[in-house]
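Let's take a look around this protein, starting with the molecule it holds and then moving on to its empty spaces.

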Amino acid sequence: MKSSFDVAVTPDSGQTHATNGETKHAHIGHKMERGMPSRKIWFKGSIVPVEQANVSVLSATAQFGLNVFEGIRCYSSESEKRQVFAFRLKEHFARLLDSCKLLGLNSPYTTDDLKEYLIQTIRANDYHEDISVRLTLFVDGESSWSSEGPVGMFIAPVSKPRLDVEAPTTLSACISTWERINDSCFPPRAKTGANYINSRYAHLEAKRNGYDCPIFLGRDGKVAEGGGACLFMVRRGVLTTPNVTSSILEGITRSTVLNLAADVGIQIMERDIDRTELYLAEELFLCGTAAELTPITSLDRVSVGCGQPGPVTMTLLRRYLGVVSNQVGCYSRWLDPIY
Ligand code: PMP
């Protein structure tokens, strides 16, 4: 069973040959001489083998997690051979720039640059399958937690198949004893690496106690989210999720799910959720770019509904996977073709 929703795509260690200049057009790196060709990543203006993309141990990103990032999924098309679509790029880039603003970082890149470089990097790897892309802006150089720059960037795609809708991964969850970070200390709205230390504490505790994943309550005792995904419950037939002011990341998948549910006539509500409502829910699922829609079948060892993925979750998961691979015409505005 899967319990972590963020794909590890950070650069491996190795020699640094990356250029520092941030050129408009990236140079294509060379393949490794022996064995499998190395995965290529966009790193500070060049496309280089992943082994060559390194940052200083003295950088603020290495020392303090001072970075902002997005995890972006691209899905192979069901109808067009070898075509791949990036999902909701516009929203990912808007959130990235919001995170920059909150963290006091100046992005050297426009959203057009980001799109161009992301496409270049995927093409350089010749990916035609489902992939996940980590795009990170980080404080580089010999920097401190208060430094505003220099700002570097990497874009790292990796192959990642979508959930199997016929046999979806299911999760056993627990309510974490750790509290979710909140807007008066570590705003969850900013997607910065350092926020994930809060997720880590909860994740370690959940695993230690035999669960797949934690669910956080916020400072006010209301339900917030998972460690790397938003939470939905179905209660008395209503699809319900915490408000964006409930100590959550403003999830793009959350917004997608709300749209898709409205389309198929499922009643939706964004409101505070009590912990005990989760035990009484007919269905629970986590949703996120990496998690897609992953059913939670037990909470604190109490079965959710009948302990199987529920009908609302499965209807939405099917529709979601249809939308991301361009099978539902009205959502093609959310898709950017890579080839
Ligand atoms: N909350 C947290 C803490 C996350 O890390 C993520 C994953 N990005 C989400 C929610 C879901 O956000 P999205 O749907 O935009 O991936």
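## Who touches the ligand

Start with Glu225: an N or O atom in its side chain sits 2.6 Å from a nitrogen atom of the ligand. Keep in mind that you're looking at a predicted model. Thr253 makes a similar kind of approach, with a side-chain N or O atom 2.6 Å from an oxygen atom of the ligand. Then there's Arg95, where a polar side-chain atom lies 2.7 Å from a ligand oxygen atom.

How much of the ligand does the protein bury? On its own the ligand would expose 380 Å², and the protein buries 97% of that. Two elements give two or more residues each to the shell around the ligand: helix H5 (252–263) and strand S13 (283–288).

## The whole shell

Zoom out a little and you'll count 16 residues surrounding the ligand. The closest are Arg95, Tyr196, Glu225, Thr253 and Thr289. What sort of residues make up this shell? They split into 6 nonpolar, 6 polar and 4 charged.

## A pocket with no charged residues

Next, the second largest pocket, which has a volume of about 230 Å³. There are 13 residues lining this pocket, and the closest to its centre are Leu66, Leu103, Phe186, Thr192 and Ala194. The lining is made of 10 nonpolar and 3 polar residues, with no charged ones.

## Closed-off spaces

The structure also has cavities: 4 of them are 30 Å³ or more. The second largest cavity holds about 40 Å³ of space.

Which residues line that second largest cavity? You'll find Arg180, Pro188, Ala190, Lys191, Thr192, Asn195, Tyr196 and Leu249 there. Sorted by type, that's 4 nonpolar, 2 polar and 2 charged. A couple of these names should ring a bell: Thr192 is also among the residues closest to the centre of the second largest pocket, and Tyr196 is also one of the closest to the ligand.

## A serine in a loop

Last stop: Ser77, which you can find in the loop between strand S3 (67–76) and strand S4 (84–87). Is Ser77 buried or exposed? Its relative accessibility is 11%, so Ser77 counts as buried, since the cut-off for buried is under 20%.

The Ser77 side chain has a partner, too. One of its polar atoms lies 2.8 Å from the backbone nitrogen of Glu80.

Key: Residues numbered from 1 in each chain as written. Predicted model: local features only at pLDDT ≥ 70, side-chain atom pairs only at ≥ 80, totals over all residues. Heavy atoms only, no water. 1 Å grid on protein atoms, 1.4 Å probe; cavity = no way out; pocket = protein on both sides within 12 Å on 5 of 7 lines; lining within 4 Å. Points joined across faces, edges and corners; volume = space filled by probe spheres on them. Nonpolar A, V, L, I, M, F, W, Y, C, P; charged D, E, K, R; others polar. Near = heavy atom within 4 Å. Polar contact = N/O pair within 3.5 Å; in protein donor to acceptor, adjacent residues only side chain to side chain. Areas by Shrake-Rupley, 256 points an atom, 1.4 Å probe, with all protein chains shown as cover. Helix = DSSP H or I, 4+ residues; strand = E, 2+ residues; numbered from the N terminus. Buried < 20%, exposed > 50% of the residue type's maximum accessible area, 1.4 Å probe, protein only.
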